[in-house]
Amino acid sequence: IKLPSKSPKNLFHDYLKVIKCRKEIKKIIEKEKITHINLHFPHLLWYLDKSINLPIITHQHGAFTNNERLKNFYFNDIFNPFKLLRSFYQKNKVFNFKRSNLVICPSKASKRSTELRFGANKKKILVNVYGCAEQDISKVKDIKKKLGFNKKDKIILSAGRETKSKGVEDFCAVAKMLYKTNYKFLFLGGYRDKNYHDYLIKKYSKYVHFLGMKENIDE
C-alpha cells in the first residue's frame with residue numbers, strides 16, 4: 001500500500017488519501033484474519049481505522065536530551081500558521097501512543113523520552129535492547145578473501161538502507177578520503193530509489209563496495 005506522506009497535509013486536502021489507506025488496510029486485516037498489529041513508527045497508527053480492535057504494538061526508536069512535553073502550539077510560532085499546524089500534527093498524530101497496547105523502546109533513555117516527551121503510559125513501555133546472537137566464528141567464511149582483499153586490510157562496514165538520512169554519502173566521502181590506505185569500505189543494504197542508487201554507484205563504486213541486501217550478515 002502506498003501510504004500518504006507524514007505531513008500535516010493529511011489533515012486537509014490529503015485526508016481522502018488517509019481514508020482510502022485505512023479502508024485498504026482494514027480489508028487486508030479482515031481477509032487475512034490478522035490478530036495482532038506491529039507498527040514500526042507511531043505515526044502509522046493514523047492509518048488504522050478506529051473500528052480495528054486488535055492488540056497494537058508500536059516502536060519508538062530515539063531518545064532526546066530535552067524531554068519537555070510536546071505541545072499543541074508554541075507562543076513563539078503564533079504568527080506562523082504552518083509551524084502551529086506542524087506542532088499540532090506532531091503531538092496528536094505523529095507521536096500519539098494512546099492506541100498502543102505496548103510500546104517497545106531500545107533503551108532506558110528512549111523509554112524516558114517516550115514517557116516524558118510524548119506522554120506514553122509508562123506501564124505500557126517495554127525496553128528491548130538492540131543486539132545480535134553470538135556466532136561461531138569458525139563457521140563464518142573469509143569475506144576478505146571472497147572480495148579480493150589482503151589479510152591486513154581493515155574493513156569498515158555500514159549496514160542500512162541507501163538513503164541520505166542514514167549517512168550513506170558521508171560514509172562514501174570518508175571512503176574516498178582513505179582510498180589509498182588499507183581500509184576497505186563495504187555498504188550493506190538495499191534501496192528504495194533506483195535513481196539515487198545509480199548515482200551512488202556511478203560516483204562512489206571506486207571507493208565503496210555496495211553489496212546490496214544480504215541474508216548472510218554474519219559473514
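## A walk through the rings and cores

Let's start with the aromatic rings: there are 10 aromatic pairs here. Keep in mind as you look around that this is a predicted model. Each pair comes down to two numbers, since a pair of aromatic rings is described by the distance of the centres and the angle of the planes.

Take Phe-64 and Phe-118. Their ring centres are 5.9 Å apart and their planes are at 85 degrees, an edge-to-face arrangement. The two residues are 54 apart along the chain, so to speak of them as a link between distant parts is fair: Phe-64 is in the loop between strand E2 (56–59) and H2, and Phe-118 is in the loop between H3 and strand E4 (125–127). How exposed is Phe-64? With a relative accessibility of 36%, Phe-64 falls in the partly exposed class, while Phe-118 is buried because its relative accessible area is 10%, under the 20% limit.

For another kind of pair, turn to Phe-187 and Phe-210. Here the planes meet at 45 degrees and the centres are 6.0 Å apart, so this pair counts as tilted. Once again distant parts of the chain are linked: Phe-187 belongs to strand E6 (residues 183–188), Phe-210 to strand E7 (residues 208–212), and 23 residues separate them. Both Phe-187 and Phe-210 are buried.

Back at Phe-64, there is a bit more going on. Phe-64 is part of a cluster that ring pairs build together with Phe-95, Phe-97 and Phe-118. On top of that, the charged end of Arg-117 sits over the Phe-64 ring, 4.6 Å from its centre. You can find a similar setup elsewhere: Arg-22 has its charged end over the ring of Trp-46, 4.6 Å from the centre.

Now for the inside. In soluble globular proteins, nonpolar side chains tend to be buried together. The largest nonpolar core in this model has 23 residues, and Ile-37, Leu-39, Tyr-47 and Leu-48 have the most contacts inside it. Which elements give two or more residues to this core? They are helix H1 (15–31), strand E1 (37–39), helix H2 (81–94) and strand E3 (102–105). H1 gives the most, with 4 residues. A second, separate core has 12 residues, including Val-168, Phe-171, Phe-185 and Phe-187.

Leu-48 is worth a closer look. Leaving out residues up to four places away in sequence, Leu-48 touches Ile-25, Ile-37, Leu-39 and Ile-56, along with Arg-22 and Arg-99.

A serine is tucked away too. Ser-110 is in helix H3 (residues 108–116), and Ser-110 is buried, with a relative accessible area of 0%. What does its side chain meet there? A polar atom of that side chain lies 3.0 Å from the backbone oxygen of Gly-62. Beyond its neighbours within four places in sequence, Ser-110 is in contact with Gln-60, His-61, Gly-62, Ala-63 and Cys-105.

What about the cysteines? Cys-21 is buried at 2% relative accessible area, and Cys-172 is buried at 0%. The structure holds 0 disulfides.

Last stop: Lys-33, in the loop between H1 and E1. Most residues other than glycine have a negative phi. Lys-33, though not a glycine, has a positive phi of about 55 degrees. Is Lys-33 buried or exposed? With 68% relative accessibility, Lys-33 is exposed, because the class begins over 50%.

Technical notes: Residues numbered from 1 in each chain as written. Predicted model: local features only at pLDDT ≥ 70, side-chain atom pairs only at ≥ 80, totals over all residues. Heavy atoms only, no water. Disulfide = S-S within 2.5 Å. Buried < 20%, exposed > 50% of the residue type's maximum accessible area, 1.4 Å probe, protein only. Polar contact = N/O pair within 3.5 Å; in protein donor to acceptor, adjacent residues only side chain to side chain. Contact = heavy atoms within 4.5 Å. Core = buried A, V, L, I, M, F, W, Y, C linked by side-chain atoms within 4.5 Å. Phe/Tyr/Trp six-rings, centres within 6.5 Å; stacked < 30°, edge-to-face > 60°. Lys NZ or Arg CZ within 6 Å of the ring centre and 35° of its normal.
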